[in-house]
Amino acid sequence: MLTSTPSGARPSTRSPGQESVIDSLVQANRAYADAFRDPGMDARPVLEVAVVACMDARIDLHAALGLELGDCHTIRNAGGVVTDDTIRSLTISQRALKTRSVVLIHHTGCGLQTLTEEFRYELEREVGQRPAWAVESFRDVDQDVRQSMRRVRTSPFLAHTDDVRGFVFDVASGLLREISDLD
């Protein structure tokens, strides 16, 4: 259930004078920038691949896939679900930046498996407006990977739909399990 303060304002997550998480991130960026050297690459991924994955903080995609800076485009959202906005990003990735392959990665223990579309109605009750987007929750992670593969393969906007593969990342073992696109 969503909660808010009586005025509708969100409560502060820090005490006065306390550094926020964002302040810490900005400070870390300054240290990063001090040692940063422009690698001289452009926006086109070296491996010509786009990876669509869940935003779950337990998944370090580059480490899990052995990727380096510049290897791929990474598109992340709740669940790693292929939505209209995912198709938008993939279309730009393929048509403007020359990617040819698409890897879809969902994972075990996904929070979208515990939500329903009721979440949208809770938001509407709280803020007075229902979001235009769907939650895209699911119960069967394998089936949702298959649905995402179908959405990519049938999109009229994507130029390359022959090399699309889907996986489930096991958050306990770190292993990928490939999902067949057959039901």
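## Exercises on a predicted model

Glu117 is partly exposed, with a relative accessible area of 29%. The model is predicted.

**Exercise 1.** Find which residue meets the side chain of Glu117 in a salt bridge, and classify that residue as buried or exposed.

*Solution.* The partner is Arg120, with an N to O distance of 3.7 Å. The cut-off for a salt bridge is 4 Å, so the pair qualifies. Arg120 has 15% relative accessibility. Buried means under 20%, so Arg120 counts as buried. Glu117, at 29%, is partly exposed.

**Exercise 2.** Locate Asp181 and Arg153 and state what their salt bridge ties together.

*Solution.* The two side chains meet at 2.5 Å, N to O. Asp181 lies in the segment after strand S5 (176–179), and Arg153 in helix H5 (residues 141–154), so the pair ties together parts that are 28 residues apart in sequence. Asp181 is partly exposed at 39% relative accessible area, and Arg153 is partly exposed at 29%.

**Exercise 3.** Give the distance of the salt bridge between Asp42 and Arg44, and the accessibility of Asp42 and of Arg44.

*Solution.* The N to O distance is 2.4 Å. Asp42 has a relative accessible area of 44% and is partly exposed. Arg44, at 46%, is partly exposed. The structure holds ten salt bridges, including this one.

**Exercise 4.** Check the length of helix H1 (residues 21–35) against its expected span, then describe the contact at its start.

*Solution.* H1 has 15 residues; at 1.5 Å a residue it should span 21 Å. Its end C-alpha atoms are 22 Å apart, which agrees. At the start of H1, a side-chain oxygen of Ser20 comes to within 3.3 Å of the backbone nitrogen of Ile22.

How values were computed:
Residues are numbered from 1 along each chain as its sequence is written. This is a predicted model: local features need pLDDT of at least 70, side-chain atom pairs count only at pLDDT 80 or more; totals for chains, interfaces and linings use all residues. Side-chain values use heavy atoms; hydrogens and water are left out. Helices (H or I, at least four residues) and strands (E, at least two) are DSSP runs, numbered from the N terminus. The expected span of a helix is 1.5 Å times one less than its number of residues. A polar contact is a pair of N or O atoms within 3.5 Å; within protein, one must be able to donate a hydrogen and the other to accept it, and residues adjacent in sequence count only if both atoms are side-chain atoms. Buried means under 20% relative accessible area, exposed over 50%, partly exposed in between (1.4 Å probe, protein chains only).
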